[in-house]
Structures are given as C-alpha cells and as structure tokens.
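Please keep the sequence and the three-dimensional view side by side while reading, since the paragraphs below move from one part of the chain to another.

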Amino acid sequence: MNTTTLDIVGDTRIEGPFAADWASLKAGYRVPDWYRDAKFGLWAHWGPQCVPEAGDWYARHMYIQGTPQYEHHVRHYGHPADVGFIEIQRQWQAENWDPDDLLSLYKAAGARYFVAMANHHDNFDAWDSRWHPWNSTRIGPKRDIIGTWAERARAHGLRFGVSNHAAHAWHWFQTAYGYDPEGPRAGERYDAFRLGRKDGAGKWWDGLDPQEVYAGAVMPMPDGITDAKAAEDWHEAHDRVWEEKPPLTNPIFVRDWYRRCKDLIDSYDPDLVYFDNFDLPLGQAGLDIAAHFYNRSIAKRGGLDVVLNTKELPEHRQGALVEDVERGFRSSIVPEVWQTDTCIGEWHYKREIFERKAYMKADAVVHRLTDVVAKNGNLLLSIPMRGDGTIDSEERAIVTAVGEWMERFGAAIHETRPWRVFGEGPTEVKSGQFGEGAAAPFTGADIRFTTRPDALFATTLGVAAPTLTIASLRTGGQLVSGEVGRVEVVGGGEALAFRRDEKGLHVEVPEGARHGFGTAFRIMGDGLVEE
C-alpha cells in the first residue's frame with residue numbers, strides 16, 4: 001500500500017484516486033447503495049454538555065452572564081470563575097449507559113445506521129484519543145465511548161457513523177476567557193483565562209493543560225464592558241461568527257484537529273462521518289481528511305463504501321459528498337442524495353422538555369421521514385441522552401411508536417427510490433435549513449410517493465380518508481399512461497377496491513388500515529415505475 005508523508009509530524013495518509021481538492025472529490029464520489037437503501041438513522045448527540053440537563057450549547061453559554069445556562073450553572077455548580085466547564089466534563093460519568101438496550105430499541109424503530117457524537121464544540125473527545133488528552137478514557141466515564149458504540153452498533157447489524165463538531169471550538173469557546181460585566185464579581189475573568197498546566201498540581205487534572213480543551217485565548221472579550229447585553233452583543237459579533245476558514249491566529253488548533261479527526265477515522269473505521277460545518281472544515285485540512293476517508297475506504301474495503309456529510313454545499317460542489325440540511329426540508333426531488341438531521345428536542349438533553357412533554361411527536365417523525373425519502377433524502381434523528389447514558393420515558397415511547405409504524409409500513413421507506421413526483425397535497429414546505437419551526441403540520445390529504453422495481457408506494461401523512469383519492473394517478477394525466485392493476489395496504493396483502501377516473505385513483509380504505517400516523521399503499525400496474 002502506498003502512503004505519502006504530510007507536513008504534520010507522525011502522520012501518513014493513504015494514497016488513492018482522490019486528490020485533496022473539490023474537483024477530484026466531485027468527479028469520483030458516488031453514494032453507496034447501503035446508504036441509499038437505509039433511509040433512516042438515529043443519533044446519540046451525547047457528551048459532557050448533557051450532564052446539566054439544561055439544553056444546547058451549555059459550555060459556551062454558561063460563560064455569558066444572563067443566559068439560562070449561566071444562571072443554571074451559578075445555581076447548581078458555582079460561579080464560572082471558580083467552577084469551569086472542565087468540572088462538568090469530569091462529572092460526565094455515563095454510569096447507567098446500556099448501549100445494547102438503546103441500539104436494540106433503535107434497530108426496532110427501523111434505523112439502519114447509528115451515529116455517535118465523537119466531539120462537540122466543547123472540544124472533548126469521546127474516544128481513546130491519541131492526540132488529545134481531554135478525552136473520555138482519562139476524564140469522566142473513563143471509557144472509550146466511541147469504541148463501545150462502534151462495536152455494539154455493528155453487533156446489532158447497524159452501519160456506524162460518527163459526528164465531529166470540534167472544528168469551531170477555537171472561537172466558540174472564547175466565552176470561557178470572558179468575565180461578568182455586572183454584579184459583585186464584575187471584571188473577574190473566568191477559569192479559562194487563568195488556568196494552565198501548572199495549576200493542576202495536586203488536582204484531579206494534574207498533568208493536563210486546560211488551554212488544550214478551551215482552545216487558547218485568541219480573541220478574549222476586552223476589558224471595560226460593564227453591561228451584560230453589551231457583552232452578549234460583543235460575543236455575537238466576534239466569537240459567534242461562523243465560517244470554515246482556518247484561524248490564522250491558531251495554526252496549532254488546525255494541526256491538532258486534523259490529527260484527531262484522522263485518528264478517529266483510522267481507529268474506528270466509520271461508515272459515515274458527519275461534519276457540523278457549512279463546507280468542509282478548516283480549509284485544506286478538511287479536504288485532506290475527505291480524500292483520506294475516501295481513499296482509505298477503497299484501500300481497506302475494496303471500494304467506495306462511505307458517506308461524508310457537511311451542510312450548505314454550493315451547486316458546483318454538489319455530489320462531492322452528501323449534503324445535510326439541518327432541521328430543514330427540500331421542497332422537491334433533488335438529483336443528489338441528501339440528508340436532513342433533526343432532533344425530537346434540543347441537541348443536548350433538556351429536562352424541561354421532558355417535563356413539559358414537548359418533544360416532537362412520533363407521528364411528526366414518521367411524516368418527516370416519509371417526506372424526506374420521497375425527495376431522495378435520508379433522515380438522521382437525534383434522541384437526546386441524559387448525562388448518565390439513559391433516555392427518558394417520553395423519548396422511549398416516541399421511538400417505540402415510530403418502530404411500530406415502521407414494522408408495518410417500512411417497505412414503503414427502506415430500499416426505495418423517488419418516483420416521477422414526490423407527492424401531492426395541500427401542505428407546502430420550503431427548502432432550506434432551520435425551517436421546521438415555521439412549517440405547518442402535514443395532513444391525511446398529503447401523500448408521498450416512493451418506488452421499488454415492482455411497485456409504486458403512496459403514503460398518507462396523517463389518517464387516510466375512507467375513500468382516498470390520489471390525483472396524480474388520474475386517467476389522462478401525464479404521470480401514468482398504463483393501467484392500475486392492484487392496490488393493497490403495505491403489510492396487509494389483501495386487494496383493496498378502487499376505481500380510476502379523470503379525477504384520480506379512488507381507493508376504499510378499510511377502517512383497520514387507517515393508521516393514526518398515516519397508511520402506506522402498494523400500487524401495481526403497467527407503466528407505474530420504470531423498468
């Protein structure tokens with residue numbers, strides 16, 4: 001096997017047909033069939049920030065005075081000048097984690113792949129990280145979390161992926177170098193500003209350097225801000241700015257990110273790598289990783305068998321990897337396979353959502369999955385986990401209900417491909433990220449189409465009417481020139497009564513087939529699907 005030595009000390013990269021540039025990635029990449037067939041993945045977006053059970057971006061917002069996370073931290077742990085996020089990392093124990101229980105549940109829900117978060121913007125690696133000592137084998141669980149997930153997921157017959165969010169830690173964590181602008185401790189810098197390796201003598205983190213996890217003070221909030229709103233505005237305008245270029249002031253961070261990411265890929269051989277980035281991360285470093293990931297698959301697996309996700313690809317880069325649309329939709333079928341990722345709650349566990357019973361409901365999950373698949377996409381769904389490694393009773397009930405629907409109607413989802421149109425019905429969705437909050441709920445009049453070589457599937461996104469009319473299958477229409485020969489409920493097998501005229505295909509739906517989430521129908525006949 002040929003290798004080439006990079007500028008990074010101690011690193012080798014597998015050679016192959018892919019060069020580390022966009023033209024090569026686009027020209028050579030093809031989405032593997034396993035991913036196109038899988039359609040549905042579940043995600044454990046789990047790490048130290050789940051410990052406080054206070055929602056997203058805890059490690060950043062606990063250092064911004066006035067935010068809910070700051071107030072929670074002061075109330076439960078202490079002031080962030082005294083008790084910083086490294087203490088929360090230590091408290092992540094995963095003491096009740098049973099991966100086999102969760103993976104059995106997720107497989108029963110119809111998931112064909114499972115993704116585990118390897119690190120987040122908090123810069124903590126959940127594996128036996130060769131290049132980063134702030135990791136789960138040394139701190140917190142004292143376990144190789146990713147290694148365990150990988151072994152057990154594969155034992156359950158699931159493809160395994162990892163998500164990597166750490167490329168933004170260098171600016172995202174700058175809040176830890178700030179201070180309270182108001183109150184009795186105004187002006188006193190938080191822990192990251194003053195802690196170094198020598199300060200760990202005699203402490204639990206003896207020998208570790210907090211600067212390696214807080215990522216270094218490249219743009220700390222300047223002295224002299226005396227208003228909490230002004231401080232928050234400063235952070236929004238400076239260290240909250242999201243771009244994918246490598247930081248010129250912190251080249252060591254880029255080097256270490258590359259080494260850690262390559263170590264993650266080489267150690268655990270993931271089928272999928274999800275980058276929480278709007279482009280490949282950190283310029284050339286991200287391109288190098290992408291080329292290595294693809295070439296490694298060819299060398300180790302005998303073919304291109306892996307998936308790489310990033311967000312918001314420009315048109316000229318479409319097809320170089322699988323684009324992800326976070327908490328969003330497509331309004332139509334697109335030629336390139338894509339993915340949407342969303343969560344039934346907040347990405348990091350938030351107890352308030354459980355207490356309010358405010359999770360995304362199981363029917364909404366099914367509708368989202370069905371809509372996405374009809375438009376040539378996959379759904380990656382996060383089920384928030386507590387710090388101890390469990391999910392709550394509401395989450396378990398949602399996943400179980402999705403599984404019951406999938407067991408009955410999953411043939412209309414798995415191994416399917418889009419039809420000539422994605423569907424019909426009154427509810428419109430707009431393409432783009434972060435649009436799910438404004439989207440109207442689907443109805444039983446919304447229908448989505450998928451195909452297999454021998455059948456067309458039509459699935460309602462709500463309770464089907466007793467007589468369901470599918471306008472797209474009308475006589476004289478442009479979509480179907482042949483005859484409909486048979487209609488049956490997926491998972492049922494008995495032929496249903498139907499008639500067809502210039503207004504559509506009218507199907508008589510038995511009461512027992514009218515599922516509350518929606519019903520999938522198998523439709524057979526000449527000219528319905530391409531040979």
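Which residue in β17 is the bridge partner of F498? In this predicted model, the partner of F498 is V507 of strand β17, and this pair is a convenient place to begin. F498 is the residue at which strand β16, covering residues 498-501, begins, and the two strands β16 and β17 are paired in the antiparallel sense through four bridges. With two residues between them, β16 and β17 form a hairpin.

On the other side of the story stands strand β14, made of residues 467-470, which runs antiparallel to β17 and is joined to it by four bridges. Two of the residue pairs can be followed in the view: T467 has E508 of β17 as its bridge partner, whereas I470 has L505 of β17. Taken together, these three strands form an open sheet whose order is β14-β17-β16, with antiparallel pairing. The edges of this sheet are held by β14 and β16, each of which pairs on one side only, and neighbouring strands are turned against each other by 20 degrees on average when direction is ignored. Strand β17, residues 504-508, is largely enclosed by the rest of the structure, because four of its five residues are buried. In general, the strands of a sheet are paired through backbone hydrogen bonds, in either a parallel or an antiparallel way.

A second open sheet deserves a separate look, and it has five strands in the order β11-β12-β13-β18-β15, again with antiparallel pairing. Strands β11 (417-424) and β15 (484-489) stand at the edges with a single partner strand each, so one side of each is left without a neighbour in the sheet. Between neighbouring strands of this five-stranded sheet the average turn is 20 degrees, direction ignored. Within the sheet, strand β12, residues 447-452, pairs in the antiparallel sense with strand β13, residues 455-460, over six bridges, and here F449 stands opposite A458 of β13. Helix α15, which comprises residues 362-374, lies across β11, β12 and β13, and the helix runs at about 55 degrees to β12.

Elsewhere in the chain, H72 offers a view of a single residue and its surroundings. H72 lies in helix α4, which spans residues 68-76. Is H72 buried or exposed? With a relative accessible area of 13%, H72 is buried, because this value falls under the 20% that marks the limit for a buried residue. Leaving aside residues up to four places away in sequence, H72 touches P52, A54, Y58 and Y77. One of these contacts, P52, is 20 residues apart from H72 along the chain, and the C-alpha atoms of the two are separated by 8.2 Å.

The last stop is the largest pocket, where about 340 Å³ of space lies. Which residues are closest to the centre of this pocket? Of the 19 residues that line the largest pocket, those closest to its centre are W57, D276, K311, E326 and F434. Sorted by class, the lining contains seven nonpolar, five polar and seven charged residues.

Technical notes
Residues are numbered from 1 along each chain as its sequence is written. This is a predicted model: local features need pLDDT of at least 70, side-chain atom pairs count only at pLDDT 80 or more; totals for chains, interfaces and linings use all residues. Side-chain values use heavy atoms; hydrogens and water are left out. Buried means under 20% relative accessible area, exposed over 50%, partly exposed in between (1.4 Å probe, protein chains only). Contact means heavy atoms within 4.5 Å. Two strands pair if DSSP finds at least two bridges between them. Axes are lines fitted to C-alpha atoms, for helices over the stretch in contact, and angles run from 0 to 180 degrees between N-to-C directions. On a 1 Å grid over the protein atoms alone, a cavity is a set of points where a 1.4 Å probe fits but cannot get out, and a pocket is an open set with protein on both sides within 12 Å along at least five of seven lines; lining residues have an atom within 4 Å of a point. Grid points are joined across faces, edges and corners, and a volume is the space filled by probe spheres set on the points. Ala, Val, Leu, Ile, Met, Phe, Trp, Tyr, Cys and Pro count as nonpolar, Asp, Glu, Lys and Arg as charged, and the others, Gly among them, as polar.
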